[in-house]
Amino acid sequence: MKHVQIFTDGACKGNPGPGGWGVLLRMGPHEKELSGGEPDTTNNRMEMTAAIKGLNALIEPCKVDLYSDSKYVLDGMNKWIHGWQRNGWVNASKKPVRNADLWHDLIEAARPHQITWHWVKGHNGHPENDRVDALASAEAEKARAAT
């Protein structure tokens, strides 16, 4: 099974507002960058979109180390989704889970892979996190300029 590292980040200019996401895929010496943006979104949606796009870029099941500075994404996938699924996508406050559409997409994107989720502190000199942050921020600026 191939081993891939995925670094992800999302950015928003205003929350909600124009946003962007960035991904760095790395397998051995090979790297690929992906990015995109949306005119009206939230930071959490962009963080989730980055993880979805990164995982969906893999063409076969892989062993994945996924790095994100988003506790929302990591806690969602490691802690919260099991309860949400059990409770019919209602949170502890008995309200519908926010971003359920993207949680479903992320679960589906993660399904074929063996993923270890890693938290990295954002804006702290982590080279790959800085790279995907720059991609996400540039896309958010493009989305802002287009509105």
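**Exercise 1. Helix α3**

Which residues of α3 are buried, and what do they pack against?

*Solution.* The model is predicted, and local features are considered here where pLDDT is at least 70.
Step 1. Buried means under 20% relative accessible area. In α3, the buried residues are Ala100, Leu102, Trp103, Leu106, Ile107, Ala109 and Ala110.
Step 2. These buried residues of α3 pack against α1, α2 and β5.

**Exercise 2. The pair α1 and α3**

Describe how helix α1 and helix α3 pack, and say which residues make the contact.

*Solution.*
Step 1. Locate the helices: α1 covers residues 43–56 and α3 covers residues 100–110. Their axes lie 9 Å apart, and the packing angle is about 25°.
Step 2. Angles under 35 degrees count as roughly parallel, and α1 and α3 are therefore roughly parallel to each other.
Step 3. Assign the hand: α1 and α3 cross in the left-handed sense.
Step 4. List the contact. From α1 come Arg45, Met48, Thr49, Ala51, Ile52, Leu55 and Asn56, and from α3 come Asp101, Leu102, Trp103, Asp105, Leu106, Ala109 and Ala110.
Step 5. Sort by class: the contact of α1 with α3 has nine nonpolar, two polar and three charged residues.

**Exercise 3. The sheet**

Work out the strand order of the sheet, its edges and the sense of each pairing.

*Solution.*
Step 1. The sheet is open and has five strands in the order β3-β2-β1-β4-β5, with mixed pairing.
Step 2. β3 (30–41) and β5 are the edge strands, since each of them pairs on one side only. From one strand to the next, the twist averages 20°.
Step 3. Recall the general rule: strands of a sheet pair through backbone hydrogen bonds, either parallel or antiparallel.
Step 4. Begin at the β3 edge. β2 and β3 pair in the antiparallel sense over ten bridges, with Gly22 opposite Ser35 in β3. Two residues lie between the strands of this hairpin, where Gly28 takes a positive phi near 60°.
Step 5. Next, β1 (residues 3–12) is joined to β2 (residues 17–27) by eight bridges, and this pair runs antiparallel. Phe7 has Leu24 in β2 as its bridge partner.
Step 6. β1 and β4 run parallel and are joined by six bridges; Gln5 stands opposite Asp65 in β4.
Step 7. β4 and β5 (residues 114–119) also run parallel, joined by six bridges. Here Ser68 has Trp119 in β5 as its bridge partner.

**Exercise 4. Cover on the sheet**

Which strands do α1 and α4 touch, and how many residues of β4 are buried?

*Solution.*
Step 1. β1 and β2 are joined by eight bridges. Helix α1 packs on the sheet and touches β1, β2, β3, β4 and β5; the direction of α1 makes about 155° with that of β1.
Step 2. Helix α4 (residues 127–146) packs on the sheet as well, touching β1, β2 and β3, and the direction of α4 makes about 145° with that of β2.
Step 3. Strand β4 (residues 63–68) is mostly covered, with five of its six residues buried.

**Exercise 5. Val23**

Is Val23 buried or exposed, and which residues does Val23 touch?

*Solution.*
Step 1. Val23 belongs to strand β2.
Step 2. The relative accessible area of Val23 is 0%, so Val23 is buried.
Step 3. Leaving out residues up to four places away in sequence, Val23 touches Ile6, Phe7, Thr8, Lys32, Glu33, Leu34, Ala50, Gly54, Val132 and Leu135.
Step 4. For distance, take Pro112, 89 residues from Val23 along the chain: the two C-alpha atoms are separated by 19 Å.

**Exercise 6. Backbone exceptions**

Find where Pro16, Asn99 and His123 are placed, and describe the backbone there.

*Solution.*
Step 1. Most residues other than glycine have a negative phi, and most peptide bonds are trans.
Step 2. Pro16 is in the loop between β1 and β2. A cis peptide bond joins Asn15 to Pro16, with omega about 15°.
Step 3. Asn99 is in the loop between α2 (71–86) and α3. Although not a glycine, Asn99 has a positive phi of about 60°.
Step 4. His123 is in the loop between β5 and α4, and has a positive phi of about 55° without being a glycine.
Step 5. Compare the accessible areas against the cut-offs of under 20% for buried and over 50% for exposed. Asn99, at 16%, is therefore buried, whereas His123, at 64%, is exposed.

Definitions and conventions. Residues are numbered from 1 along each chain as its sequence is written. This is a predicted model: local features need pLDDT of at least 70, side-chain atom pairs count only at pLDDT 80 or more; totals for chains, interfaces and linings use all residues. Side-chain values use heavy atoms; hydrogens and water are left out. Buried means under 20% relative accessible area, exposed over 50%, partly exposed in between (1.4 Å probe, protein chains only). Helices (H or I, at least four residues) and strands (E, at least two) are DSSP runs, numbered from the N terminus. Two strands pair if DSSP finds at least two bridges between them. Axes are lines fitted to C-alpha atoms, for helices over the stretch in contact, and angles run from 0 to 180 degrees between N-to-C directions. Angles under 35 degrees count as roughly parallel, over 145 as roughly antiparallel, 65 to 115 as roughly perpendicular and the rest as oblique. A crossing is left-handed if the near helix is turned anticlockwise from the far one by less than a right angle, and right-handed if clockwise. Contact means heavy atoms within 4.5 Å. Ala, Val, Leu, Ile, Met, Phe, Trp, Tyr, Cys and Pro count as nonpolar, Asp, Glu, Lys and Arg as charged, and the others, Gly among them, as polar.
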